[in-house]
Amino acid sequence: MAALPKLSSMGYLVVSVVLLLLQDVRRAHAALQTFEQPPSYTEVNPDSDVKLVCKIYNKRGNCSWQKDNKPVGMYPKKYEWAGSQEQGDCSIWIRNATLNFDDGLWECQVTASEFTTGDALTSPPAKLVVRVAPQTPRIEFNGSHVLPGRNVSVRVGSSAVVKCISRFGNPPANIRWLLGSEDITSQANQTNATEEDNHRLYVATSYVRIASVRDLHRQPLRCVAMHESHSTKSQDAEVKLDVHYPPEVSLSGTPTSDLEENVDRVLLACKADANPPAAVFWEATDRGNELVSSQETLQFLPVTRKNAGRYTCRAKNEVGFSPPVTVYLDVKYAPRVVAIEPRVRTTTVKLGSSVSFNCTAEGNPEPSYQWLQKMPTTQDTVIIRGSQAELVMHNVTYEHQGEYVCKVTNLIGGTERSEQSESLSVQVKGAPQVLRNAVAREVSVLRGQDAHLKMVVCADPKPSKVQWHWGSLAVDSGANSGRFQAEELLQEEREDCYEARLHVRSADLVDARTYHLTVENDRGADSHMVLLAVRGEHEARASAKPVSMTTLLSVASGCLLLLLLLVLLSVYAVRREKCCFAIGRGDFRPADLERLDRAKAKRLDNLDYDISEKSDVDSTSGKKTPRIDGSLGNNAVVGIGPDHHYGHQSPIPVHHRIPQHITAGGSPEAMKHPERASTTERRRRKSSGSSHRHRDRPGHRHEPKQQQDYHEYQQQPHQQGYQQGYQRVLPSNSGAAARLSMLNSMNLQHSSASPQGSPPAQAYFLPSTHSMGFNDLAHAYFQPNSYERAEI
């Protein structure tokens, strides 16, 4: 801690003197007496006590009072000290206060503490008011006293000055004004004055100026005198405003729709609001204000076309006439464009600036507005640009260029009526601008296809530079670079608009990127981009639109129905094939044989066939399969009978016929036809001489006559062009019938390449469902042991 500097003896002396002086000043100041609470304004009711307060701080002098500049002594039961003067309380009591003795200005005084200090005190005058209740207030208008409940009459539009007087009060009454429920005291002006015959009492006068309007008619106006001496603290006086105003009329029953002649009824009522009451009358304005009615109502029962027009209702009283109120009956018309601004036909606008048009039209009902832009295209595209009378377009682009018309529309009887104004042309000039809404954000192609990128750009003047660029490559309009070709700008249907095209031949995956188009002219430039997406085949399939569940269900249902149909057809075919095979095997029921024609049975008995029974069981299938006997040989000819040869006028001898042996599986049904079997046996024995010789020689060849007959039989049908099928029914050893079918077109054509007397390779029997007559003759070759083509 630093040591304090040492003071000299002279310094100590100076400090001591200063401290002593400060203490003396403080003591001297503390010794002065001052007002702690001087007396203030005080009111007291007559014959009541009141205390005037006066308190002194550091009181050392003597207290005293004076009224109206005159000293007041202390008198018991009249003026008495209210507190301890030694403690500085110089307050006094005034007993039984009266107006004449106690009402006035009071001052509290204190003598000086010493003759040298000069701290004597005198308070500011304090008013002591001994209250006196004023008289009931009264209202005066135009210098006349208005009795309570009467009216203050004033004409609408003028000002009424109303006065309220409250007399003989102390202090003066405080006057308030109420108009209806509204306090209008702030609009009033109050003055107070002493009464002429008693200067201790006051008269209070308040003036209020009221602007007369019809809404104040019959509103109460109250003057309220506020005074503490009243038991209710106030008294008032009230009058009513009687505002005279001219009539105003209102209509009721005005038609809300079109009136139909001789159907609708019209009942118009004209009500007048006026003070004093007014007389009402109707005038026909279209007929020179002709008076049509002096009543409040105007009626047409029913309305006719001669009642159509404009009617006016008016009313009159001593103040004046009402404004006319007009009603129109069935007057409607289509809209019409009155004016259009600006008046010039063509307006040139800078790109990005603003332009406005205004359309004025008339119509009943009030028409609606539409501003239409006609685009310069072959489709006559129309764009709605606005729906107000005024059209304001900000930030104008080339899309705003075109013809504009104002279309106004209304409805009359539910039918739309409209009219269009003359067209206004807007021309836009400025830097190029690519129309973003006319550009596809993405162009998608398959790999290997040509891609065509297009953008629409508008500019006036025409762009001086057009360039496509991507990555580090750029191609100007009209140039090409490898697989990339940029066409010259093509004029669009819209004026000052052009189409820029970039062709990418055989697009590959590496071409998938963003391509930018930049256009410039002498007023600026613009740029925009388009994305090229190149997809492979798997991506194309993946992006194919998924098949809906409804389509899947429909396809599945169709497949099920088709499958069911195929199953049914297969079952039918299997059953039919079994039936046909059964017939071919000779598995006939006895009832089937009974259906044969008896005449055919006789002729069958005459056939010279040797049929022997032979059972041949198929070791693999377990079926009994009828076969053609191998003794027939490759050159065997089936002879039908002496009366059924083809191409000959004489029958073939029996001994020249080629015997055949047809074997069929045995059947119990054969026992049911013994007569047919015995007849056949007799035939066989009768011709056993020649037949056995042929049978006993396996390598036997036909005699020349028979061979000649064979060639005639084979060539004759071919020469004559017959293409017939043939079917023959033969008896079997089982009593059943065997059917043989032949097609001449396949069996009877002669081929020079084949050895003479050898059948063609395709000659065989075919199953057939067509039966031919026995008078038809045909030749055929058996293909032995063929189940499908030679089975009988």
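**Arg447 and Asp508**

I looked up Arg447 and found it exposed, because its relative accessible area is 51% and the cut-off for exposed is over 50%. The model is a predicted one. I then checked Arg447 for a charged partner and found a salt bridge with Asp508, in which the closest N and O atoms are 3.0 Å apart. I noted that this pair links distant parts of the chain, with the two positions 61 residues apart. Arg447 sits in the loop between strand 37 and strand 38 (451-460), and Asp508 in the loop between strand 44 (497-504) and strand 45 (514-521). Asp508 counts as partly exposed, as its relative accessibility is 26%.

**Arg214 and its two acidic partners**

Which residues form salt bridges with Arg214? I found Glu248, with the closest N and O atoms 2.5 Å apart, and Asp273, with the closest N and O atoms 2.0 Å apart. I placed Arg214 in the loop between strand 19 (202-211) and strand 20 (220-226), and Glu248 in strand 21 (residues 234-252), so this pair ties together parts that are 34 residues apart in sequence. I placed Asp273 in strand 22 (residues 266-275), 59 residues from Arg214 in the chain.

I also looked up accessibility for these three residues. Arg214 has a relative accessibility of 22% and therefore counts as partly exposed. Glu248, at 42%, counts as partly exposed. Asp273, at 35%, counts as partly exposed too.

**Salt bridges over the whole structure**

I ran the search over the whole structure and it returned 27 salt bridges. I also noted a network of salt bridges that links Asp49, Glu80 and Arg95.

**Lys59**

Is Lys59 buried or exposed? I found it buried, yet without a salt bridge. The nearest side chain of opposite charge belongs to Glu86, at 6.7 Å. A salt bridge needs the nitrogen within 4 Å of a carboxyl oxygen, so I do not count this pair.

I then looked for polar contacts of the Lys59 side chain. It reaches the backbone oxygen of Gly61 at 2.7 Å. A polar atom of the Lys59 side chain also lies 3.3 Å from the backbone oxygen of Gln85. I located Lys59 itself in the loop between strand 4 (55-57) and strand 5 (63-67).

**The sheet with strands 37 and 40 at its edges**

I traced an open sheet of 5 strands and wrote down the order 37-46-45-39-40, with mixed pairing. Why is one side of strand 37 and of strand 40 left without a neighbour in the sheet? Strand 37 (442-446) and strand 40 (473-476) stand at the edges and each has a single partner strand, so one side of each stays unpaired in the sheet. I noted the turn between neighbouring strands of this sheet as 25° on average, direction ignored.

I looked further at strand 39 (residues 465-470), which runs antiparallel to strand 40 and is joined to it by 4 bridges. For Trp468, I found Val475 in strand 40 as the bridge partner.

**Residues 552-574**

I checked the UniProt record, an unreviewed entry, and it lists residues 552-574 as "transmembrane region". In the model I found this stretch to be 100% helix and 0% strand. I also noted that the C-alpha atoms at the ends of residues 552-574 are 33 Å apart.

How values were computed. Residues are numbered from 1 along each chain as its sequence is written. This is a predicted model: local features need pLDDT of at least 70, side-chain atom pairs count only at pLDDT 80 or more; totals for chains, interfaces and linings use all residues. Side-chain values use heavy atoms; hydrogens and water are left out. Two strands pair if DSSP finds at least two bridges between them. Axes are lines fitted to C-alpha atoms, for helices over the stretch in contact, and angles run from 0 to 180 degrees between N-to-C directions. UniProt positions are given in the numbering used here, feature names are shortened, and annotations may be inferred rather than shown by experiment. Buried means under 20% relative accessible area, exposed over 50%, partly exposed in between (1.4 Å probe, protein chains only). Lys and Arg count as positive and Asp and Glu as negative; His and the chain ends are not counted. A polar contact is a pair of N or O atoms within 3.5 Å; within protein, one must be able to donate a hydrogen and the other to accept it, and residues adjacent in sequence count only if both atoms are side-chain atoms.
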